[in-house]
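Me: Here is a model I would like to go through by question and answer. Please keep it brisk.

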Amino acid sequence: MTEIDPLKAGQAARREVDAPHSLVLSLPADRPLMMDAGVGLAPLIIAYQTYGTLNADKTNAILVCHALTGDQHVANIHPLTGKPGWWEIMVGPGKPIDTDRFFVICSNVLGGCLGTTGPASTNPATGMPYGLDMPMVTIRDMVRAQALLVDHLGISKLFCVIGGSMGGMQVLQWAASYPERVFCAIPIATAPRHSSQNIAFNEVGRQAVMADPEWAGGRYFDFGKSPTKGLAVARMAAHITYLSDEALHRKFGRKLQNKTAPTFSFDADFQIESYLRHQGSTFVERFDANTYLYLTRAMDYFDLAEDYDGSLARAFKDTKTRFCIVSFTSDWLFPTSASRSIVHALNANSASVSFVEIDTDKGHDAFLLDVPDLLATTSGFIESSARAFGLKEAKSA
Amino acid sequence: MTHATQYFAADSARIDLLVVKDMVAANTRVLDIGCGDGTLLRMLAEERGVDARGMELSQRGVNDCVAKGLSVIQGDADTDLADYPDDSFDYVILSQTLQATRNPRRVLEQMLRIGKRAIVSFPNFGHWSIRLQIMFAGRMPITENLPLAWYETPNIHFCTIRDFVALVDEVDAQIERAVALDPSGAPMRVNAPWWIWNLFGEQAVFLLERRA
């Protein structure tokens, strides 16, 4: 495995936690965020990015919700990796989410490690990172924090909320919690609840982190350590679930890495091994281990119907929000059946809903990739919704 | 359900869509089952101010519709109509698809449950040219509008106009309007008796409502 300098990687990532390269909303200590865990969190800091210009009526805002290992850097160079934003295929001038026309907001989720308050953030009460003293975070808590940010920006109604995977869960929660504040919603490759299989995969990842001695009961910062090996294994295991068997076979097959014959050792003989090790080692340079525990837990706890007496239809009762639901044929982590259950619940409310299952072999990760049907669907839906919402054609018009 | 539509010649056969459109009152809520590429939905939305929703089996059709900004879900008439509450729509439309469903009676019942009215168009298997093919060639008929052999056609439940009228009665519905189209696509004489329609109508379009 590529040797990681935990100290160096840790330092850069640590800086983003308390002094992010982002816009920051600091909510005062006397206004705690009431969380599902039953405690108030204060002070609360929300790190966010915006793109485009908010119009005078404040009606052209699109909230992008990021996935488990994403962050607010949707369409700008990432401050830690130096790579382009994670959704530049979707967000930018002339893109389906056109920043010449819309005001795009993305905040680091509650519990995240890119500036929003999370387990890596410094607890003002102790001067040390929260670690496991951070209250458990839920998807609904993340959405509550986003709503505070939207309030702060003076936006009473979002034109659109969009996101994939864990981001899609937030989209569904937005539509359920604040139906009057969401004109249209685009949940992609997501589910109204985390499946048993998904909880199982998350648990494997968490156990890998916690089995690393450097995790130190979650207090690794106190000892100047970091459970990079455990977190890398967690990432490697999770990454397999984001891809399809076909895509892995197409990309790697049984090809060997820089060699013509097996070495009869446990080196990374196969390209797929080398690829996964790379995924693991680059991930730990930008991501906090406790944050990984908290956010996977938030996904596990997500079951939207449970908040509505077990009825998903009731979560969307009489909703006026327009929905466009997207799934991918080769996504076995968030299969089409999960999206279809959302469609059924919306149909039961006679809601305005479009549903597309896109044929691709790219697996769950397809929502992040250049999939033309996804881009065409998104832009067509946003375009028609903008017309229905009375938004003007272009910014200058 | 583009499969049902794509096998029909474009010009004459799709005149049924214009007939269907004329049966829909303005500013109503409509579900088009088997909406294909959304041609009818678009016509209804643009020309009738209709709140138009669609259901389509083929992924290609759904993607095209949604990219055009139409509210369409991927779904199957045989299984997915059950998810809608009663009286969800003013009209539920099934054009040239009834004969491709597994359970046409159940589909028709569901349409009349979720819609206040149902509009159904279908190819008439009682047309004289089809009768002649069976009588003289002794083979399952192949026509310009039904060009596939029996073993590869998606149309598994053909009926005649008379058969359909009998089904309407069985599901406790009544006919509000009915139009038969001749092979050129032109509507036939309104006051012609049923046997004339059944013999010379190549397609039929029915507007149905629940019996009071």
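Me: How far does helix α10 of chain A reach from its first C-alpha to its last?
Reply: α10 is a DSSP run (H or I, at least four residues; strands are E, at least two), numbered from the N terminus. It covers residues 336–347 of chain A, twelve residues. The expected span is 1.5 Å times one less than the number of residues. That gives an expected 16 Å, and the helix comes close to it, reaching 16 Å.

Me: What are the ground rules for this model?
Reply: The model is predicted: local features need pLDDT of at least 70, side-chain atom pairs count only at pLDDT 80 or more, and totals for chains, interfaces and linings use all residues. Residues are numbered from 1 along each chain as its sequence is written, with chains lettered from A and ligands numbered from 1 in the order in which they are written.

Me: Which element of chain B helps cover the buried residues of α10(A)?
Reply: Buried means 20 or more other C-beta atoms within 10 Å of a residue's own, exposed 12 or fewer, partly exposed in between, with C-beta atoms placed from the backbone. Buried residues of α10(A) include A:I342, A:V343 and A:L346. Their cover includes α3 and β12 of chain A, together with chain B's β3.

Me: Which element gives the largest share of the side of chain B that touches chain A?
Reply: Contact means C-beta atoms, placed from the backbone, within 7 Å. 15 residues of chain B are in contact with 20 of chain A. Five residues, the largest share of chain B's side, come from α5(B).

Me: Is A:P372 buried or exposed?
Reply: A:P372 lies in helix α11 of chain A. Because A:P372 has 10 C-beta neighbours inside 10 Å, it counts as exposed.

Terms used:
Contact = placed C-beta atoms within 7 Å.
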